[in-house]
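Trainee: I would like to take a close look at a single part of this model, and then see how the rest is arranged around that kind of detail. Could you take me through it with care?

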Amino acid sequence: MNDFGGQNAIRCERRIRACDYLSVAQLYLKDNFLLKRKLSIFDIKPRLLGHWGTCHGINVAYANLKIRGRMTNFILGPGHGFPALQANLFIDGDLAKVDEKAQPNLDGIKYICQNFSWPGGFPSHASPVTPGVICEGGELGYALAAAYGAALGHPEKRVVALIGDGELETATALSSLNLCKLFTTDTNGKVLPILHLNGYKISGPTISARKSERELMEMIRGFGYTPLFINGDDTGEFQDALDEVGMMDVPFIIMKTEKGETGPRYVDGKKIAGNYLAHQIPLKDVKHDLKELDILETWMKSYNFRELFDEKEGFLL
Ligand SMILES: Cc1ncc(C[n+]2csc(CCOP(=O)(O)OP(=O)(O)O)c2C)c(N)n1
């Protein structure tokens, strides 16, 4: 075990919980952001458009890397998980640096939620208005190549690329795995690819998830990387892997999570978390179906956001 102390593990867990909550809030809410009163259909946006399934994994990766404090660039292949990226940029005050209305307070929460996936507001995907964006993410496949590009000629950089397991089925992502062979570490920065193995893409399982762990590791090893397989939700395991990565020339993390994790598990007898049905909006009829509205309220309350955010103090992370 590394010396990633109890306090840091707690901070990491709180940060992930806050960002998961804000991801859901951006997808669904136009009011009642702290759930001070019972959730009503009038609190729900008229049009629900965005992606939930990948958000928790993005929040897990970002929290572990951020708390570690060594990453210079974070490249998000599945940029459709924008609510998660935006939540992280928001709580750190990075979004407020380019948009003064996005201060990390209650007004800011209202602002990012009401304007997420809204005409004239924030697009549903990472886009050029996202601070620091160098890879839009709407078209899957470019994360790893963009990461190598960012590190090229910058020995001080430590660039992380989060690659979706669906994204890894694109020709671009697969061929970009070869780039480690063209990349010397003396004059360039470090690239850390993280494969987000959440098992599913839009409407079915991914090929990576249908391989055995050994087969997947062998494939990555064959490209020249040293792969580490971790359970994303085990903070100790994630931090141990980041320790090991620091000592490797060509590391590659395979981070396993469950698609849609921390969201509803079953709705109307259908499996949602751990299935492709978590990919976009898991409760589609929440504005008209009171049973779904109840599920959403229970889901959102499960994060206990009021313990992580105070109207006067701001984020308590
Ligand atoms: C080149 C390309 N092909 C198809 C799509 C449509 N698309 C959007 S999300 C998605 C699934 C992505 O799966 P994955 O990379 O595993 O991301 P996650 O499961 O984390 O959402 C697909 C196929 C796209 N955006 N770009």
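Trainee: In which loop is N188 found?

Mentor: Bearing in mind that this is a predicted model, N188 is found in the loop that runs between α7 (171-176) and β3 (190-197). With 18 other C-beta atoms within 10 Å, N188 counts as partly exposed, because a residue is called buried at 20 or more such atoms and exposed at 12 or fewer. Leaving aside its neighbours within four places in sequence, N188 is in contact with A151, L152, G153, H154, P155 and F183. One of these, G153, is 35 residues away along the chain, and yet the C-alpha atoms of N188 and G153 are separated by 4.6 Å.

For a contrast in setting, one may turn to the nonpolar interior. The largest nonpolar core has 91 residues, of which I75, A143, A147, A161, L162, I194 and I253 touch the most other members. The most is given to this core by helix α1 (residues 6-28), with 10 residues. If neighbours within four places in sequence are again left aside, I253 is in contact with L192, I194, L228, I230, A241 and V245.

Two helices deserve a careful reading as well. In helix α3 (residues 82-91), 10 of the 10 residues are buried, and these buried residues pack against α1, α2, β1 (73-76), α4 (94-98), α5 (106-115) and β9 (314-315). Just after α3 comes G93, which takes a positive phi of about 80°.

Helix α2 (residues 55-68), one of the partners of α3, is itself mostly covered, with 11 of its 14 residues buried; among them are C55, H56, G57, I58 and N59. Its length can be checked by simple reasoning: at 1.5 Å a residue the 14 residues of α2 should span 20 Å, and because its end C-alpha atoms are 20 Å apart, the two values agree. Just after α2, G69 takes a positive phi of about 75°.

Finally, there is the surrounding of the ligand. Of the 21 residues around the ligand, T54, G164, G166, E167 and K201 come nearest, and by class this shell has 4 nonpolar, 12 polar and 5 charged residues. To return to your starting point, N188 is partly exposed and is in contact with residues including A151 and F183.

Terms used
Residues are numbered from 1 along each chain as its sequence is written. This is a predicted model: local features need pLDDT of at least 70, side-chain atom pairs count only at pLDDT 80 or more; totals for chains, interfaces and linings use all residues. Helices (H or I, at least four residues) and strands (E, at least two) are DSSP runs, numbered from the N terminus. The expected span of a helix is 1.5 Å times one less than its number of residues. A residue is near a molecule or strand if its C-beta atom, placed from the backbone, lies within 6 Å of it. Ala, Val, Leu, Ile, Met, Phe, Trp, Tyr, Cys and Pro count as nonpolar, Asp, Glu, Lys and Arg as charged, and the others, Gly among them, as polar. A nonpolar core is a set of buried Ala, Val, Leu, Ile, Met, Phe, Trp, Tyr and Cys residues joined through C-beta atoms within 7 Å. Two residues are in contact if their C-beta atoms, placed from the backbone, lie within 7 Å.
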